[in-house]
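Q: I'd like to learn how to read a protein structure, one feature at a time. Can we go through it together?

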Amino acid sequence: MKMITRRGIFLWILCILFLGGLVFMTVSLINNGDVWVMKNYNGHVYNEGKLIAAGAIKDRDDVVLAETKDGERVYNMSKKTRMATLHTVGDMNGFISTGVQSVFESELVGYNVMFGIYEIEKSGSGNDMKLTIDSKINEIAYDALDGRKGTIAVVNYKTGEIICMVSTPTYDVNNVPKDINTSSQYEGAYMNRFLTGLYTPGSTFKLVTTICALENFGSEILDRSFTCNKILDVDGIKEDQIICNARHGKLTFEQALAKSCNSAFGELAIELGPEKLKATAEKLGLTSSVSVSGKISSERGRFFLEKGDADTTVGWTGVGQGDTLVNPASMLRLMCAIANDGKAVSLNIVDDLSNKAGKALGISFKADETQFISTETASTVKELMRNNVMEQYGDSSYKGLNLCAKSGTAEIDDVDAHNTAWFVGFMDDSEHPYAFVVVAEQGNSGSKTAGPMANRVLQAIVEQDNN
């Protein structure tokens with residue numbers, strides 16, 4: 001009798017272990033199945049480490065950017081299209097880790113827990129993905145950069161849809177340069193500078209100092225005047241002086257921002273102090289990652305000010321020439337917030353996902369809004385940015401765009417040609433709600449180099465919208 005009891009207990013233990021193992025395997029399959037399938041030794045999906053079985057990737061107008069044909073991954077027939085959309089689409093080897101082809105590979109392959117990779121075995125490729133970008137606009141942005149390293153991106157600040165996302169240097173995925181890993185011409189070619197680049201912000205950071213001043217001093221700051229003698233003597237030490245780009249004389253706050261006066265904003269930054277500036281930079285998302293479609297993450301910015309830092313360090317930081325590093329995607333998200341009554345929208349690049357039968361599969365990404373600044377502050381900064389264009393950059397240079405903008409020229413060394421040129425802003429237009437960021441390395445001047453690039457791309461978008 002005791003023997004039977006022991007055997008019964010042993011069988012129960014075996015049953016429990018079997019069921020536990022079954023549960024473990026099921027949970028592992030659910031959680032890790034897509035990872036196992038996407039290993040590059042899976043011959044159904046890869047060939048010699050190259051992705052071959054994903055579905056088509058299309059732009060917003062159904063232009064095919066990449067697809068699988070006869071067991072081979074092929075790209076758009078136009079070389080310019082391939083180069084202009086490379087960092088959005090990605091490459092076959094996965095070197096461009098932020099490309100949709102890498103980030104959404106399991107969705108494109110069509111793996112699911114119930115049927116595995118049945119669609120691949122049945123049709124030779126997986127699900128099709130439609131993006132929010134416009135390949136033609138990307139080509140125009142690529143041309144506008146004119147061989148410079150940098151990035152141009154445009155987003156609908158109401159919906160978060162990315163219309164344009166170009167990074168250079170780029171290359172033709174059908175003809176990868178043999179010296180891509182050794183030539184300075186292709187330095188950072190695998191990197192999407194919009195998502196992973198970090199740059200000294202130059203005078204675009206004066207918008208952050210402006211927001212900090214408005215939120216700490218109130219609207220009274222708008223009535224304040226400054227006197228610029230070209231040099232702001234911080235502590236009597238020549239090496240600590242903050243040098244302005246001109247001798248502006250007496251300025252209102254509005255004029256100080258339009259003329260990008262280092263003296264005025266250095267003085268203001270010192271008055272605000274490092275803790276307030278740091279709190280504002282963090283609140284505006286400049287030190288946090290930007291999520292695109294819930295799966296692609298940008299690089300975090302760097303802000304080094306701390307309590308007790310020297311006034312000259314604080315002053316230079318407030319004008320955007322300190323050790324601060326900003327990611328272009330973070331700056332674009334801030335532009336969206338200013339344009340959108342203080343609310344920053346989630347950025348998205350995936351419009352739709354469907355199987356080969358054309359059935360919409362839906363996407364898990366859910367857009368939301370985050371209140372970065374008050375509606376009142378956003379409205380004031382918008383007016384100031386609009387004044388920048390009308391009084392400083394010239395409204396006629398951006399005809400019909402109703403542009404609100406701020407330029408930046410980040411001084412990298414003593415050679416002007418080495419400067420990083422920034423131009424950021426948005427169109428204050430309900431029919432064309434677009435925010436933008438342009439960064440051009442070795443671009444000399446923000447308004448003179450990056451500004452025309454932004455104009456060229458935005459004019460093309462408006463023209464296309466109106467047709």
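A: Sure, let's begin with a pair of rings: Phe 423 and Phe 436 are both buried. "Buried" means under 20% relative accessible area, exposed is over 50%, and partly exposed is in between (1.4 Å probe, protein chains only).

Q: Before we go on, what kind of model is this?

A: This is a predicted model, so local features need pLDDT of at least 70 and side-chain atom pairs count only at pLDDT 80 or more, while totals for chains, interfaces and linings use all residues. Residues are numbered from 1 along each chain as its sequence is written, and side-chain values use heavy atoms, with hydrogens and water left out.

Q: Back to the rings, then. How are Phe 423 and Phe 436 arranged, stacked or edge-to-face?

A: A pair of aromatic rings is described by the distance of the centres and the angle of the planes. Rings of Phe, Tyr and Trp (its six-membered ring) pair if their centres lie within 6.5 Å; planes under 30 degrees apart count as stacked, over 60 as edge-to-face and the rest as tilted. For Phe 423 and Phe 436 the centres are 5.8 Å apart and the planes are at 25°, so this pair is stacked. Phe 423 sits in strand β19 and Phe 436 in strand β20 (residues 434–440), 13 residues apart. Helices (H or I, at least four residues) and strands (E, at least two) are DSSP runs, numbered from the N terminus. Ring pairs also link Tyr 393, Tyr 398, Phe 423 and Phe 436 into a cluster.

Q: How many aromatic pairs does a search of the whole structure find?

A: The search turns up 10 aromatic pairs. Take Tyr 199 and Trp 422: their ring centres are 6.2 Å apart with planes at 90°, so this pair is edge-to-face. Tyr 199 is in the loop between α8 (193–196) and α9, Trp 422 is in strand β19 (residues 420–427), and 223 residues separate them. Both Tyr 199 and Trp 422 are buried.

Q: What is in the largest nonpolar core?

A: A nonpolar core is a set of buried Ala, Val, Leu, Ile, Met, Phe, Trp, Tyr and Cys residues joined through side-chain atoms within 4.5 Å. The largest one here has 90 residues, and those with the most contacts inside it are Phe 194, Met 335, Ile 338 and Ile 349. Helix α14 (residues 328–339) gives the most to this core, nine residues. A second, separate core of 30 residues includes Ile 137, Ile 152, Tyr 398 and Phe 436.

Q: Which residues does Ile 338 touch, leaving aside its neighbours within four places in sequence?

A: Contact means heavy atoms within 4.5 Å. With those neighbours set aside, Ile 338 is in contact with Ile 211, Ile 373, Ala 378, Val 381, Lys 382, Met 385 and Phe 426.

Q: Now a helix. Where do the buried residues of α12 fall?

A: An α-helix has 3.6 residues a turn, so residues three or four places apart point the same way. In α12 (residues 274–283), the buried ones are Pro 274, Leu 277, Thr 280 and Ala 281. Seen down the axis, they fall within an arc of 135° (taken from the directions from the helix axis to the C-beta atoms), so they line one face of the helix. Their cover includes α9 (206–217), α11 (262–272) and α13 (311–318).

Q: Which salt bridges involve α12?

A: Side chains of opposite charge can pair when their charged atoms come close. A salt bridge is a side-chain nitrogen of Lys or Arg within 4 Å of a carboxyl oxygen of Asp or Glu. One of them joins Glu 215 and Lys 283, with the closest N and O atoms 3.1 Å apart. Glu 215 is in helix α9 and Lys 283 in helix α12, 68 residues apart. Another joins Glu 306 and Lys 278, with the closest N and O atoms 2.8 Å apart. Here Lys 278 is the residue in helix α12.

Q: And what about the backbone at Pro 169 and Ser 260?

A: Most residues other than glycine have a negative phi, and most peptide bonds are trans. The peptide bond from Thr 168 to Pro 169 is cis, with omega near 10°. Ser 260 is not a glycine, yet its phi is positive, about 55°. Ser 260 lies in the loop between α10 (253–258) and α11, and at 10% relative accessibility it counts as buried.
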